[in-house]
Amino acid sequence: TTWISDHPAYKLAVTVDGDRGTLHFECHFVDYESDLVKAVTVGDLDVSRIGGRWLITNFVAGSTELAP
């Protein structure tokens with residue numbers, strides 16, 4: 001089987017406070033042949049601007065259930 005990763009942009013959440021921020025996103029893995037969602041994952045990241053570049057300082061991955 002072939003899975004396709006779909007990132008629904010409307011579920012992206014970003015915060016910025018000075019040189020720190022957060023990101024939250026979901027990835028939906030869809031089976032190409034059946035068009036069924038096979039897995040859903042989430043990522044919650046802390047980011048910091050260090051030396052003029054935004055870097056990930058913490059990453060927590062997990063699972064979730066689909067919701068509209």
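Here are four short exercises, with worked solutions, on the predicted model shown above.

**Exercise 1. Work out which secondary structure elements the protein has, and how spread out the chain is.**

Step 1. Begin by counting elements: the protein has 5 strands and 0 helices. Along the sequence, this reads as β-β-β-β-β.

Step 2. Now turn to the radius of gyration, which is 15 Å, whereas the globule rule gives 11 Å for 68 residues. The value is well over the rule, so the protein is more spread out than a compact globule.

Step 3. For the outline, take the principal axes: the C-alpha atoms fill a box of roughly 45 × 25 × 20 Å.

**Exercise 2. Describe the surface of the protein and its charged side chains.**

Step 1. Burial comes first: 21% of the 68 residues count as buried.

Step 2. Next, the accessible surface comes to about 5000 Å², and carbon and sulfur atoms account for 55% of that.

Step 3. Finally, tally the charges. There are 10 negative and 5 positive side chains, with 9 Å between the centres of the two sets.

**Exercise 3. Find where E26 and S48 lie, decide whether each is buried or exposed, and list what they touch.**

Step 1. Place E26 in strand β3, which covers residues 20-31, and S48 in strand β4.

Step 2. Apply the cut-off for burial, which is under 20% relative accessible area. E26 has 8% relative accessibility, so it counts as buried. S48 is also at 8% and therefore counts as buried.

Step 3. Look for a polar partner of E26: its side chain makes a polar contact with the side chain of H28, at 2.8 Å.

Step 4. Set aside residues up to four places away in sequence and list the contacts of E26: D6, H7, P8, K11, V40, T41, V42 and T64. With neighbours within four places left out likewise, S48 is in contact with D19, R20, R53, W54, L55 and T57.

**Exercise 4. Say what stands out in the backbone of D35, and whether its setting is buried or exposed.**

Step 1. Locate D35 in the loop between β3 and β4, the latter spanning 37-50.

Step 2. Check the backbone angle: phi of D35 is near 65°, a positive value in a residue other than glycine. For comparison, most residues other than glycine have a negative phi.

Step 3. Compare accessibility with the cut-off for exposed, over 50%. The relative accessible area of D35 is 63%, so D35 is exposed.

Key: Residues numbered from 1 in each chain as written. Predicted model: local features only at pLDDT ≥ 70, side-chain atom pairs only at ≥ 80, totals over all residues. Heavy atoms only, no water. Helix = DSSP H or I, 4+ residues; strand = E, 2+ residues; numbered from the N terminus. Buried < 20%, exposed > 50% of the residue type's maximum accessible area, 1.4 Å probe, protein only. Polar contact = N/O pair within 3.5 Å; in protein donor to acceptor, adjacent residues only side chain to side chain. Contact = heavy atoms within 4.5 Å. Rg over C-alpha atoms; globule rule 2.2 N^0.38 Å. Areas by Shrake-Rupley, 256 points an atom, 1.4 Å probe, with all protein chains shown as cover. Lys, Arg positive; Asp, Glu negative; His and termini not counted. Charge placed at Lys NZ, Arg CZ, Asp CG, Glu CD.
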